[in-house]
Structure formats: C-alpha cells, structure tokens
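I am opening this notebook to record what I looked up in the model, one entry at a time. I begin with the places where the chains meet and then turn to single residues.

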Amino acid sequence: MAWKIFLFVLMTLVCIAGITFPIVEEPSKWYHFPLIPGLEENAKIIFFHVPTSWITVIAFLMSTLYSVRYLRKKDLDDDSKAYTAAQLGMIFCILATVTGAVWAKFAWGSFWSWDPRQTSIFALLLIYGALFALRSAVDGEEKRATLSSVYSIIAFVTVPFFIFIMPRIMKGLHPGSADDTNAGPIVDFKMNSNMQVVFYLSLIAFTILYYWMWNVGYRSHIVKEKLQKQIS
Amino acid sequence: MKSALALLKKDFSSEIRTRYAINSLGMFIVVTVSVILFSIGNEKINEYLTGGLFWVVVFFTSMSGLSRAFVSEEERGTALTLQLLAKPESIYSGKFLFNVALVFSMNLIIAVLFSLLFEMFLFKNLLLFVFAFIVGNVGVAASSTIIAAIIAKAGSKGTLYPVLAFPILLPLILTLIELTKQAMDGNTVSDSSVELAVLFCYDVIMISAAYLLFDFIWKD
Amino acid sequence: MEQFFADNAIYIVLVIVLIVWAGIYGYLYTLDKRLKSIETETKGVKK
C-alpha cells in the first residue's frame with residue numbers, strides 16, 4: 001500500500017524536476033542541469049524516453065523468465081505473467097519508439113533515419129508483433145503457451161545483438177554509439193550529479209509503475225481464466 | 001547421430017522422389033531474380049545494392065522453402081511416427097543438416113545467377129564473402145529450422161513463417177549485408193573480424209538454443 | 001499570473017503532464033481495487 005503512495009510522489013517529483021529544472025551552461029545551484037553540447041534543451045527527454053526503453057527490455061526479460069518457468073513447471077499462471085509482460089513491453093516499446101522519433105526530428109532533423117538504435121527498437125517491435133501473431137494463430141491453451149514460450153526465448157537470445165552489440169559497433173547518431181563525438185555516453189560523465197539523481201529516480205519510478213501495471217494485468221488474466229473454467 | 005543421418009537420408013530420398021526443391025524452389029529463385037531484373041530495366045545500379053538484393057532473395061527463398069522440413073511431416077501425418085522412432089535431438093540434427101544442404105545449394109544457385117546477371121556483383125575480396133556466406137548459411141538454416149518446428153504446430157502456416165522468422169534473422173541479415181559491402185570494398189578478413197565474430201556467435205547461440213528448446217516443441 | 005505562464009510555457013507543460021499522471025494513477029488505483037474485490041469473490045465461489 002505504501003509503495004503506491006511512494007510511486008505517486010516519486011513520479012510527480014520526477015515530472016516536476018525533469019520538466020522545469022533549467023539547463024544552464026555553468027551549473028551552480030542544486031537544481032541546475034548542465035548543458036550538453038549537441039543536445040541542449042532536448043536532453044530533458046532522457047528522463048522519459050530512456051526509462052520507457054529500459055522498461056521495454058525489462059518487460060522482455062521478465063516475459064522470457066516466466067516463459068522458462070512455464071516450460072519447466074507447466075503452470076498456466078506463468079504463461080499469463082509472461083503474456084502480460086510482453087503486452088506491457090509492446091506498449092512501452094511503442095512509447096519509446098514514438099518519443100525517440102519526435103526527439104529525433106528536432107535533434108537529427110528527421111523522424112526516422114535507420115540509426116542502429118532505431119533499427120534495434122524496430123526489431124524489438126517486430127519481435128513483439130510476431131509473438132502476438134503466433135499467439136493468435138494457435139488454439140489450445142497449453143500448445144499456445146508452449147510455442148510462445150519457446151519463441152520468446154529464441155527471440156530473447158537474439159535481442160542482445162540488437163540492444164547491446166549492434167548500436168555499439170555500428171556508427172550512429174544516437175548518444176552512446178561507437179563514433180559518438182558530440183553527445184558521448186551521457187550517463188557516464190556528461191550529466192552532473194543532480195541530473196543523475198533525477199535520472200535514476202525516474203528509472204525507479206517507471207519500474208515501479210511497470211510492476212504495478214504488470215501486477216494488475218496478470219491478476220486479471222488469471223481471474224478471467226479461472227472464471228472461464230468454471231463456466232465451461 | 002546415426003538416426004540423424006538416417007533421417008537426412010530419408011529426407012534426401014523423399015526429395016529426389018518428389019523433386020520439390022528442384023522444381024519449385026529453383027523456379028522461385030528464377031522468378032524472383034527476373035522480377036528484380038525487370039524492375040531495374042536498363043538502370044545502372046551500384047554494387048552495394050546488388051549485395052543487399054542478394055540477401056533479400058536469399059531471405060525470401062529460405063522463407064518459402066525451409067518451412068517444409070517440419071510442415072511436410074505434419075501434413076503427411078508422419079510426425080507421430082517420427083516422434084516414436086527417434087529422439088528429439090537427432091530429429092532436429094537431421095532436419096538441420098538437410099536444411100543446411102538445401103540452403104547451401106539454393107544460395108549457390110542464387111550467387112551464380114547474380115554474378116552472371118549483375119556486372120556490379122563483384123568482390124574485391126572473395127575469401128571474406130565466402131566466409132560470410134558459409135557462416136551465414138549455417139545461421140539461416142539453424143534459426144529457420146527451429147521456427148519451422150514452431151510453425152508446424154501452429155495454424156495458418158504459410159503467412160506466419162516469415163513473420164516469425166524475420167525478427168530472428170534480422171541481426172544475421174544486417175551483419176551479412178554489412179560484410180558483403182566490406183567484401184566488395186576489399187577489406188581483409190582480419191579487418192572484418194568483429195562482424196565475422198558476431199555471425200559466429202549468432203550461429204553458436206542459435207544452434208544451442210534450438211537444441212535445448214526443440215524438446216518442448218516436439219513433445220506435444 | 002497570466003503573464004508568468006505566458007513567459008514560461010514549460011510550466012503549462014508541467015501542469016498538463018501532472019494532470020495526465022494523476023489521471024493514470026487514479027485509473028490504475030481503482031482498477032487494482034476492483035480487481036481485488038473480484039479476486040475475493042471468485043475465491044468464495046470456488047469454496
């Protein structure tokens with residue numbers, strides 16, 4: 001119960017800090033953000049865009065973990081959990097893609113430029129889409145659960161290529177890629193300490209929010225399945 | 001291993017009897033390449049584009065041909081017999097080897113056609129391309145075999161296969177296109193060792209994941 | 001007041017974001033509560 005109030009306060013604080021704290025060239029007060037060359041005011045997206053893509057990966061990881069658990073224990077509840085995680089992952093993936101594209105319009109000049117990061121998030125979208133297509137094509141709960149579990153595990157072993165290897169070995173525009181000269185790995189050294197604090201608070205807030213949504217989602221899923229069994 | 005080879009032999013003899021791959025896949029390749037030729041017309045296209053088109057043709061040919069490995073067993077109703085006769089690992093190995101052979105012969109035909117029809121399809125460093133070709137083909141065969149196994153158990157088999165296989169094959173194909181470009185530029189093998197390592201890792205990860213997971217798909 | 005908001009448009013963005021966030025939070029909260037009651041109900045049916 002307490003963590004829900006905590007989430008509300010935290011997210012409100014993150015919104016206030018992330019949106020209104022000014023970006024100045026020489027940070028002197030505690031609420032000043034440093035000016036990052038090449039990003040300027042656009043840098044504020046980090047408090048909202050990065051957490052969404054972080055949640056995308058976390059959701060995918062959870063979906064895979066529950067898939068593994070389903071394959072080991074054959075408990076349909078685990079399948080509901082994996083499915084809900086994938087659903088939320090899809091939502092946050094779309095959010096990350098759209099916010100990234102809007103940001104890219106102002107930072108790079110076009111909505112979409114097939115930067116390695118954009119390619120990788122596009123591939124994630126495709127994986128989620130394929131997962132739902134597979135689920136809708138199979139009848140029979142257990143078969144569906146098994147097949148989608150296997151598919152999400154196979155997809156998960158290729159995802160590291162996208163998220164962790166490709167954007168780093170290929171040249172790109174996104175902050176943090178291989179030949180990034182103007183807006184280097186921001187998290188490491190370009191943010192000052194209070195920007196990092198707000199950034200990590202934002203990550204925590206989004207993670208708790210995701211956990212709550214996932215919790216509500218899978219519980220409703222389980223209740224629905226229970227009721228269906230009682231009726232039939 | 002012995003039963004895997006026996007399965008491979010069985011697939012080969014059924015292939016020779018029906019001549020499915022030779023007839024329809026060969027024709028599929030010819031049709032796709034001629035569509036590309038028609039759409040290009042008399043334009044001069046640059047060499048990188050031919051490299052990309054090559055992998056496009058490879059992808060779609062694999063998508064139309066490789067799903068048969070398991071779908072045909074389900075269609076003929078021999079899946080259950082196979083389940084009784086052999087261990088899942090050896091079934092996967094047999095099908096995988098057959099698909100490797102199929103992919104290699106398909107892609108060789110495509111490569112020969114491309115080098116005959118497109119003047120720009122030339123490599124300054126052929127060795128690098130051959131390396132990428134071999135490792136890439138194994139990767140394509142590995143992931144499409146396991147996806148084919150999933151597809152065979154699901155409904156709506158035809159359309160679902162490319163949908164499921166594309167995201168899995170995407171890292172492979174992107175790296176292959178990159179490598180093809182580099183081979184056309186004349187990079188040495190050690191210049192592109194990172195990309196080759198990525199391809200190799202992909203193969204290893206895919207084959208081991210497929211071995212571990214094939215059990216679950218095949219059992220029910 | 002009006003002049004202040006006209007000069008600092010970012011605060012208007014802040015207010016809108018906060019209202020949206022409060023809405024999402026309230027929705028999730030009621031959904032959670034309703035789900036809890038349904039869960040206890042279905043448990044009662046089973047016994």
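How many salt bridges does the rule find across the interface of chain A and chain B? I looked this up before anything else, keeping in mind that the model is a predicted one, and the answer is zero.

Entry 1, chain A against chain B. I noted that 27 residues of chain A are in contact with 28 residues of chain B, and that the two chains bury about 2,400 Å² between them, with 87% of it on carbon and sulfur atoms. On the side of chain A, the three residues that supply the most area are A:Tyr151, A:Ile154 and A:Phe161, which give 24% of what chain A buries against chain B. Although salt bridges are absent here, I did find two residue pairs in polar contact, both partners being at pLDDT 80 or more. The elements of chain A that give two or more residues to this side are helix H4 (116–137) and helix H5 (141–169), and H5(A) has the largest share with 15 residues. Sorted by class, the residues on this side of chain A are 22 nonpolar, three polar and two charged.

Entry 2, chain C against chain A. This contact takes 20 residues from chain C and 21 residues from chain A, and about 2,100 Å² is buried between the two chains, 76% of it on carbon and sulfur atoms. In chain C the residues that lose the most area to chain A are C:Trp21, C:Tyr25 and C:Leu28, together 29% of what that side buries. I counted three salt bridges between chain C and chain A, as well as six residue pairs in polar contact, again with both at pLDDT 80 or more. The side of chain C that touches chain A has 15 nonpolar, one polar and four charged residues.

I then looked at individual salt bridges between these chains. A:Lys4 and C:Asp32 meet through their side chains at 2.8 Å, N to O, while C:Glu39 pairs with A:Arg219, the closest N and O atoms being 3.2 Å apart. The latter pair runs from helix H2 (residues 9–46) of chain C to helix H7 (residues 193–231) of chain A. C:Glu39 is partly exposed at 22% relative accessible area, whereas A:Arg219 counts as buried at 11%. Through shared partners, salt bridges join A:Lys4, A:Arg219, C:Asp32 and C:Glu39 into one network.

Entry 3, which chains touch. Two pairs of chains are in contact, and of these chains A and B share the most contacts. Chain B and chain C do not touch, and their nearest C-alpha atoms are 30 Å apart.

Entry 4, salt bridges inside chain A. Over all chains the structure holds seven salt bridges, and I followed two that lie within chain A. The side chains of A:Asp79 and A:Arg135 meet at 3.1 Å, N to O, and this pair links helix H3 to helix H4 of chain A across 56 residues of sequence. Both A:Asp79 and A:Arg135 are buried. In the other bridge, A:Asp78 and A:Arg69 have their closest N and O atoms 3.3 Å apart; here A:Asp78 is buried with a relative accessible area of 1%, but A:Arg69 is partly exposed at 35%.

Entry 5, the nonpolar core. The largest core has 128 residues, of which A:Tyr210 and B:Phe54 touch the most other members, and its largest share, 15 residues, comes from helix H7 (residues 126–153) of chain B. Beyond its neighbours within four places in sequence, A:Tyr210 is in contact with residues including A:Ile55, A:Met62, A:Leu88 and A:Phe92. Another core, of 11 residues, lies apart from the largest one and has A:Phe47, A:Met195, A:Phe199 and A:Leu203 among them.

Entry 6, two single residues of chain A. Is A:Ser152 buried or exposed? This residue of helix H5 is buried, because its relative accessible area is 1%, under the 20% limit. Sequence neighbours within four places aside, A:Ser152 is in contact with A:Phe60, A:Ser63, A:Thr64, A:Ser67 and A:Leu131. My last note is on A:Lys74, which has a positive phi of about 55° although it is not a glycine. A:Lys74 sits in the loop between helix H2 (49–73) and helix H3 (76–107) of chain A and is partly exposed at 42% relative accessibility.

Notes:
Residues numbered from 1 in each chain as written. Chains lettered and ligands numbered in written order. Predicted model: local features only at pLDDT ≥ 70, side-chain atom pairs only at ≥ 80, totals over all residues. Heavy atoms only, no water. Contact = heavy atoms within 4.5 Å. Buried area = accessible area lost by both parts, 1.4 Å probe. Polar contact = N/O pair within 3.5 Å; in protein donor to acceptor, adjacent residues only side chain to side chain. Nonpolar A, V, L, I, M, F, W, Y, C, P; charged D, E, K, R; others polar. Helix = DSSP H or I, 4+ residues; strand = E, 2+ residues; numbered from the N terminus. Core = buried A, V, L, I, M, F, W, Y, C linked by side-chain atoms within 4.5 Å. Buried < 20%, exposed > 50% of the residue type's maximum accessible area, 1.4 Å probe, protein only.
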